[in-house]
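Open the model in your viewer and keep the sequence panel beside it. Each stop below says what to select and what is there.

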Amino acid sequence: MDNPLHICVLVLPEVAVAFKRENNQTWQDYVIKGEASYYHNQKATTLQDILGDINDRLFRNDKKLLSVQVSLVYAPACRHLMESSIKTLHSLACEQWQILAWQSLYQQAATLNNSKLDDKVPSLPWIKSHILPLLGYDAELERLRQKEHANALRAIEDQKKQLAQDINSQQQTAKQSHAQMLAALEAEKNKLLQELQELKQQQNILAQP
């Protein structure tokens with residue numbers, strides 16, 4: 001297919017919205033599970049649910065998303081939701097996909113249109129007119145993006161492992177410190193008991209006639 005269907009899913013902190021473009025025409029709204037705005041509540045299966053719903057409604061059957069271009073655009077707070085997205089895309093036979101950071105696209109679109117960046121998400125018409133056109137598919141660029149994303153995921157995993165090691169090390173240190181403190185207290189108690197015993201012995205001697 002020379003001009004395949006292109007689906008874009010924009011994943012924001014609370015909701016996800018989707019768009020589609022066929023035959024290089026203008027971008028159109030595309031519902032997710034029957035909703036214009038899909039409230040995902042940061043579920044770990046968010047991308048699996050969304051892409052599965054899109055696949056089911058396209059009736060791709062055994063071909064699944066083989067001939068569909070998929071762009072996943074995520075807000076910073078939703079980066080963790082992208083960790084399983086590659087596996088989901090592969091399970092749906094999607095070969096043409098890209099995962100992009102919302103902030104980078106927004107900044108690029110604002111610069112190209114001399115617009116001021118805003119903390120709020122711009123309107124859907126503005127997104128369709130100025131951000132989605134930046135998603136033009138390029139195979140070589142996409143391979144680089146996929147490699148960059150895979151490297152980013154590995155970096156996240158390395159950070160997780162290092163954090164787990166740091167936490168374990170801190171826990172071991174805390175246990176050792178606690179044990180040493182208990183040993184010091186026990187030694188101090190024994191010392192006081194010894195001194196008390198010696199005082200009693202001295203009192204007994206002094207009490208003798």
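Select Ala93 first. Ala93 sits in the loop that runs between α2 and β6. Its phi is near 65°, a positive value in a residue other than glycine. Is Ala93 buried, partly exposed or exposed? Ala93 counts as partly exposed, because its relative accessibility is 27%. Bear in mind throughout that this is a predicted model.

Now go to Asn41. Asn41 is placed in the loop between β4 (38-39) and α1. Here too phi is positive in a residue other than glycine, near 55°. Asn41 has 64% relative accessibility, so it counts as exposed.

Zoom out and colour by secondary structure. There are five helices and six strands in the chain. Trace them from the start of the sequence: the pattern reads β-β-β-β-α-β-α-β-α-α-α. Turn on contacts if your viewer draws them. Of those between residues at least 6 apart in sequence, 63% join residues at least 24 apart.

Next, show the surface. The chain exposes about 13,600 Å². Carbon and sulfur atoms supply 51% of that area. Of the 209 residues in the chain, 32% are buried.

Hide the surface and select Thr88. This residue lies in helix α2. Its relative accessible area is 9%, under the 20% cut-off, so Thr88 is buried. Which residues does Thr88 contact, beyond its neighbours within four places in sequence? They are Leu47, Gln48 and Leu51.

**The cores**

Move to Leu72. Leaving out residues up to four places away in sequence, Leu72 touches Val9, Leu47, Leu51, Met82, Ser85, Leu89, Gln98, Ile99 and Leu100. Show these as sticks.

Then widen the selection to the largest nonpolar core. It holds 30 residues. Which of them touch the most other members? Val9, Val70, Leu72 and Met82 do. Several elements each supply at least two residues of this core: β1, β2 (15-21), α1 (46-58), β5 (69-74), α2 (85-91), β6 and α5. The largest share comes from α1, with five residues. Another core lies apart from this one. That core has 19 residues, including Ala75, Trp126, Ile127 and Ile131. As background, nonpolar side chains tend to be buried together in soluble globular proteins.

**The cavity**

Switch on cavity display. Rolling a probe the size of a water molecule over the atoms shows where empty space is left. How many cavities of 30 Å³ or more does a search of the whole structure find? The search finds one. The largest cavity has a volume of about 30 Å³.

Select its lining: Cys8, Leu10, Phe19, Val73, Trp102, Leu105, Ile127, Ile131, Leu132 and Leu135. By class, that is ten nonpolar residues, with no polar and no charged ones. At least two lining residues come from each of β1 (6-11), α3 and α4 (124-131).

**The pocket**

Finish at the largest pocket. About 330 Å³ of space lies in it. The lining of this pocket has 13 residues. Which lie nearest the centre? Select Tyr74, Ile99, Leu100, Ala101 and Glu148. Colour the secondary structure again: β6 (96-101), α3 (102-112) and α5 (139-207) are the elements that give two or more residues to the lining. The largest share is from α5, with four residues.

Last, colour the pocket lining by class. Seven of the residues are nonpolar, three are polar and three are charged. Set this beside the cavity, whose lining has no polar and no charged residues.

Terms used:
Residues are numbered from 1 along each chain as its sequence is written. This is a predicted model: local features need pLDDT of at least 70, side-chain atom pairs count only at pLDDT 80 or more; totals for chains, interfaces and linings use all residues. Side-chain values use heavy atoms; hydrogens and water are left out. On a 1 Å grid over the protein atoms alone, a cavity is a set of points where a 1.4 Å probe fits but cannot get out, and a pocket is an open set with protein on both sides within 12 Å along at least five of seven lines; lining residues have an atom within 4 Å of a point. Grid points are joined across faces, edges and corners, and a volume is the space filled by probe spheres set on the points. Ala, Val, Leu, Ile, Met, Phe, Trp, Tyr, Cys and Pro count as nonpolar, Asp, Glu, Lys and Arg as charged, and the others, Gly among them, as polar. Buried means under 20% relative accessible area, exposed over 50%, partly exposed in between (1.4 Å probe, protein chains only). Contact means heavy atoms within 4.5 Å. Accessible areas come from the Shrake-Rupley method with a 1.4 Å probe; for residues, only the protein chains shown count as cover. A nonpolar core is a set of buried Ala, Val, Leu, Ile, Met, Phe, Trp, Tyr and Cys residues joined through side-chain atoms within 4.5 Å.
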